[in-house]
Every structure is written in structure tokens, then in C-alpha cells.
Amino acid sequence: MKFPIFAALLLIASARPQHSNNNNYNQQQQNHEKHLGPQETTTWIPILKYNKEQGEDGSYKHEYQTGNNIVHEESGYLKDFSEAHPNGILVQQGAYSYEAPDGQIIHVQYTADERGFRVVSDHLPTEPPIPVGIQKGLEEIYAGIKRREQELKSNPKYAETAAQRAELDYHGQYYQQ
């Protein structure tokens, strides 16, 4: 008689709704909004143009344009089916443009193939010129390397003393030539 009563009480206790987890979630949500502020909603941006074509040979072309001035076009095809490349090499070419926060239109063109990914755009950063003093130092280093190569080719004793020079170089010391 005790077992059915115990089982009934256990069943009733396990069927009771668990409100503490829901209250905990609401409290976490309120703390999140308190620290980060209420979440902002996003603006719906329409797709003005969308086109996708798939060829039986693996080639494709797709393009789209959005209502916030994003335009993207890309095409691709497979080439060079060989033992080295049994699945072929995918070649992709494309371009995209978008409006920067300052209102400027950014245009980017790209190619991806067996030689890697290459991008062309007027808006990409460029490397600064090498300062004159550093350029002269690099030229002196290269001249020293060429001089060593010439010595290796013309002087048989140069190879004999290579271990001695390497030891001096290792310790940061100079050797007489």
C-alpha cells in the first residue's frame, strides 16, 4: 500500500511545472539588456536582382544586387582535368561593389585559380616606399652575398675554411677575407 502512494506522490512532483528555470532566463535577459542595452532591430534590405546559372560542365554564373547598393557578379569553370588534378581546377572570376559609410562606392575585382587569389581595387592599401638608407643597406647585403658566391666558384680554399667561417658567424664574430 505504501509503494503506490509513494509512486503517485513522485509522479505528481515530477509533473509539476518548473517555473524557476523560466524566471532565471528572464532575469538573465534583463541583466543582458541592462549591460548592453536593448537589442536593435535590423532594417529589411530588398534583393533587387538575383540570377544563377549552372552549366552541365561545372561552369556557373551568379549575380545579385541589393537595395543598399551591393552588387556582386561571379563566374567560374573547371579546367585541367589530369592525373595531377582528377577533379579539375576551379577558376573563379568576379567583382563586387558596395557603398562605404562615407558614401564612396568601393569596386573590387578578383580572380581565384591554381595561382591563388588575386584582388584588384583602387581602395586596397599599398606598401610604402623603402627608405633610401634601408635600400642602400639591402644593396650592400646583396653585394656581399654575390661576392661570396663568386669566391666559392673561384677559390678552392674558400670551401676548406667554410667550417671556420661558420663557427665565427655563429658566435657573432667576423673573419678576415
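## The sheet at a glance

In what order do the 6 strands of the open sheet come? They run β1-β2-β3-β4-β5-β6, and the pairing is antiparallel. Since this is a predicted model, everything below describes a prediction. Two strands sit at the edges, β1 and β6 (116-120): each has a single partner strand, so one side of each is left without a neighbour in the sheet. From one strand to the next, the twist averages 10 degrees. As for what holds such an arrangement together, strands of a sheet pair through backbone hydrogen bonds.

## The whole chain

Stepping back, the protein chain has 5 helices and 6 strands. Follow the sequence and you meet them in the pattern α-α-β-β-β-β-β-β-α-α-α. In other words, two helices come before the strands and three come after them.

How much of the chain is buried? Of its 177 residues, 14% count as buried. The accessible surface adds up to about 15,500 Å², and carbon and sulfur atoms make up 55% of that. If you look at contacts with a separation of 6 or more, residues 24 or more positions apart account for 13% of them.

## Two hairpins in a row

Let's start with strand β1 (residues 47-54) and strand β2 (residues 60-66). They run antiparallel and are joined by 7 bridges. If you want a landmark, look for Lys-49, which stands opposite Gln-65 in β2. The hairpin these strands make has 5 residues between them, and Gly-58 takes a positive phi near 95 degrees there.

Next comes strand β3 (residues 71-79), which runs antiparallel to β2 and is joined to it by 6 bridges. Two partners in β3 are easy to look up: His-72 is the bridge partner of Tyr-64, and Val-71 is the bridge partner of Gln-65. So Gln-65 has Lys-49 opposite it in the first pairing and Val-71 as its partner in β3. The hairpin of β2 and β3 has 4 residues between the strands, and Asn-69 in the turn shows a positive phi of about 70 degrees.

## A closer look at His-62

His-62 is a good residue to zoom in on, and you'll find it in strand β2. Is His-62 buried or exposed? Its relative accessibility is 17%, so it counts as buried, the cut-off being under 20%.

Leaving out residues up to four places away in sequence, His-62 touches Asn-51, Lys-52, His-72, Glu-73 and Glu-74. One of these, His-72, has already come up as the bridge partner of Tyr-64.

## The aromatic cluster

Which residues form the aromatic cluster? They are Tyr-96, Tyr-98, Tyr-110 and Phe-117. Counting ring pairs gives 3 aromatic pairs. In one of them, the rings of Tyr-96 and Tyr-98 have their centres 6.4 Å apart and their planes at 15 degrees, so the pair is stacked. Both residues are partly exposed: Tyr-96 has a relative accessible area of 33%, and Tyr-98 has one of 34%.

Tyr-96 also pairs with Tyr-110. Here the ring centres are 6.3 Å apart and the planes sit at 45 degrees, so this pair is tilted. It links distant parts of the chain, with Tyr-96 in strand β4 (residues 89-99) and Tyr-110 in strand β5 (residues 105-113), 14 residues apart. Tyr-110 counts as buried, at 10% relative accessibility.

Conventions. Residues are numbered from 1 along each chain as its sequence is written. This is a predicted model: local features need pLDDT of at least 70, side-chain atom pairs count only at pLDDT 80 or more; totals for chains, interfaces and linings use all residues. Side-chain values use heavy atoms; hydrogens and water are left out. Two strands pair if DSSP finds at least two bridges between them. Buried means under 20% relative accessible area, exposed over 50%, partly exposed in between (1.4 Å probe, protein chains only). Contact means heavy atoms within 4.5 Å. Axes are lines fitted to C-alpha atoms, for helices over the stretch in contact, and angles run from 0 to 180 degrees between N-to-C directions. Rings of Phe, Tyr and Trp (its six-membered ring) pair if their centres lie within 6.5 Å; planes under 30 degrees apart count as stacked, over 60 as edge-to-face and the rest as tilted. Accessible areas come from the Shrake-Rupley method with a 1.4 Å probe; for residues, only the protein chains shown count as cover.
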